[in-house]
Amino acid sequence: PVITGKNLYAPSIVYNGCWNVYTGGWRDSNQGNDKIYLNTSNTNELSSFNESLPVEMVNGGTQYTHACDPSVVKRSSNFWVMAFT
């Protein structure tokens, strides 16, 4: 796998000069709720992800809020849409 975590799934892959991969799930087993994460490639090659690249939390919420199963679409250079459960 090119992106690692305890329980990451439901990838949504978008090209934006590099590859953005949005995943849902748990990155750490003790975090308590699902969150959506973004990992970006360091080149325009989809296989160029590096496990040491930081994973950013896109959204999360409180202990009782679960956000997962992202589906991301780039509509224009500055307009993106994300649907999630």
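Which pattern does the protein chain follow when read along the sequence? The chain follows β-β-β-β-β-β, with 6 strands and 0 helices. The model is a predicted one, and its confidence should be considered before the details. The pLDDT averages 76 over the protein chain, and 69% of the residues score at least 70. Among the elements, strand 5 (residues 71-76) has the highest mean pLDDT, at 92, whereas strand 4 (residues 56-59) has the lowest, at 66.

The pairing of the strands can be traced from the N-terminal part of the sequence. Strand 1 (residues 7-15) and strand 2 run antiparallel and are joined by 7 bridges. Within the partner strand, Gly25 of strand 2 stands opposite Leu8. The hairpin of strand 1 and strand 2 has 3 residues between the strands, and in this hairpin Gly17 takes a positive phi near 85°.

Strand 2 also pairs with strand 3 (residues 35-40): 6 bridges join the two, and they run antiparallel. One point along this pairing is given by Val21, whose bridge partner in strand 3 is Asn39. How many of the 8 residues of strand 2 are buried? The number is 6, so strand 2 (residues 19-26) is largely enclosed by the rest of the structure. For the protein chain as a whole, buried residues make up 33% of the 85 residues.

The C-terminal part of the sequence offers a view of the surface. Ser77 lies in the loop between strand 5 and strand 6. Is Ser77 buried or exposed? Its relative accessible area is 65%, and because a value over 50% counts as exposed, Ser77 is classed as exposed. Ser77 is 61 residues from Asn16 in sequence, yet the C-alpha atoms of the two residues are 8.6 Å apart in space.

Strand 6 (residues 79-83) contains Phe79. The relative accessible area of Phe79 is 44%; this residue is therefore partly exposed, as the class covers values between 20% and 50%. Together with Val73 and Val81, Phe79 forms a nonpolar patch on the surface, and the three residues have about 240 Å² of accessible area together.

Two values describe the chain at a broader scale. The accessible surface of the protein chain comes to about 5,300 Å², and carbon and sulfur atoms account for 51% of this area. Among contacts between residues at least 6 apart in sequence, 37% join residues at least 24 apart.

Notes. Residues are numbered from 1 along each chain as its sequence is written. This is a predicted model: local features need pLDDT of at least 70, side-chain atom pairs count only at pLDDT 80 or more; totals for chains, interfaces and linings use all residues. Side-chain values use heavy atoms; hydrogens and water are left out. Patches are made of residues with over 30% relative accessible area and no salt bridge: like charges are joined within 9 Å, nonpolar side chains (Val, Leu, Ile, Met, Phe, Trp, Tyr) within 5 Å. Accessible areas come from the Shrake-Rupley method with a 1.4 Å probe; for residues, only the protein chains shown count as cover. A salt bridge is a side-chain nitrogen of Lys or Arg within 4 Å of a carboxyl oxygen of Asp or Glu. Helices (H or I, at least four residues) and strands (E, at least two) are DSSP runs, numbered from the N terminus. Buried means under 20% relative accessible area, exposed over 50%, partly exposed in between (1.4 Å probe, protein chains only). pLDDT is the predictor's confidence in each residue, from 0 to 100. Two strands pair if DSSP finds at least two bridges between them. Contact means heavy atoms within 4.5 Å.
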